[in-house]
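Please work through the following exercises with the sequence and the structure at hand. Each task is followed by a solution in steps.

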Amino acid sequence: MFPDIESIAAFCGGLIGAELYIGDIPEQKTIPAIAFPPPRIVDSPGNLASFRKTYTLIVKIFDESDSKAFAMAETIADGIRYPRYRIPELDESGTATGSFIRIDQMDLQMAGTGEAQLTLVWTRQDNYERETYEKIKRLTIAERVKNDA
């Protein structure tokens with residue numbers, strides 16, 4: 001679906017033994033479960049050469065009780081905090097690329113009975129497409145330059 005979501009899901013799945021749902025959340029889900037619905041994306045111009053996209057992902061953690069769901073969410077949050085809010089990026093085959101997703105903001109709250117919600121916010125800076133021009137191969141000046149001497 002989306003490489004950042006896959007990386008975050010793999011990271012969270014490594015911290016907690018739970019069923020992972022990426023994209024749509026089914027009505028009948030296994031408990032405990034962690035769901036990763038599509039993120040909210042807000043873009044803005046970054047500078048003259050690039051633009052910025054800010055992602056907001058609401059990770060939903062489901063368990064039998066409120067306290068268990070909250071404890072799982074706190075475990076995931078601590079797993080993100082301790083390595084300095086960095087989540088390893090994975091390529092399409094699931095191999096670490098050596099780059100990281102830097103989480104800018106994190107919020108943890110209860111969302112319902114047996115459901116905790118962990119909100120993650122991060123930013124990406126992408127370059128604009130550059131226009132290409134054919135280079136001048138030869139320049140001929142037909143006029144003389146005036147000399148004041």
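The exercises below concern a pair of helices and several salt bridges.

The model is predicted, so that local features need pLDDT of at least 70 and side-chain atom pairs count only at pLDDT 80 or more, while totals for chains, interfaces and linings use all residues. Residues are numbered from 1 along each chain as its sequence is written, and side-chain values use heavy atoms, with hydrogens and water left out.

**Exercise 1.** Describe how the axes of helix H1 and helix H2 cross.

*Solution.* Step 1: locate the helices, which are DSSP runs of H or I with at least four residues, numbered from the N terminus. H1 covers residues 3–15 and H2 covers residues 66–81.

Step 2: take the axes, lines fitted to C-alpha atoms over the stretch in contact, with angles from 0 to 180 degrees between N-to-C directions. The two axes come within 9 Å and cross at roughly 115°.

Step 3: classify the angle. H1 and H2 are therefore roughly perpendicular to each other (65 to 115 degrees).

Step 4: assign the hand. The crossing of H1 and H2 is right-handed, the near helix being turned clockwise from the far one by less than a right angle.

**Exercise 2.** Identify which residues of H1 and H2 meet, and sort them by character.

*Solution.* Step 1: look for contacts (heavy atoms within 4.5 Å). From H1, Phe 11, Cys 12 and Leu 15 meet Thr 75, Ile 76, Gly 79 and Ile 80 of H2.

Step 2: sort the residues in this contact. They comprise 5 nonpolar, 2 polar and no charged residues. Here Ala, Val, Leu, Ile, Met, Phe, Trp, Tyr, Cys and Pro count as nonpolar, Asp, Glu, Lys and Arg as charged, and the others, Gly among them, as polar.

**Exercise 3.** Examine the salt bridge of Glu 89 with Arg 124 and the network to which these residues belong.

*Solution.* Step 1: apply the criterion, a side-chain nitrogen of Lys or Arg within 4 Å of a carboxyl oxygen of Asp or Glu. The closest N and O atoms of Glu 89 and Arg 124 are 2.8 Å apart.

Step 2: place the partners along the chain. Glu 89 lies in strand S5 (residues 86–90) and Arg 124 in strand S7 (residues 115–127), 35 residues apart; strands are DSSP runs of E with at least two residues.

Step 3: compare accessibility (buried under 20% relative accessible area, exposed over 50%, partly exposed in between, with a 1.4 Å probe and protein chains only). Glu 89 is buried at 17%, whereas Arg 124 is partly exposed at 22%.

Step 4: extend the picture. Asp 4, Glu 89 and Arg 124 are linked in a network of salt bridges.

Conventions. Angles under 35 degrees count as roughly parallel, over 145 as roughly antiparallel, 65 to 115 as roughly perpendicular and the rest as oblique.
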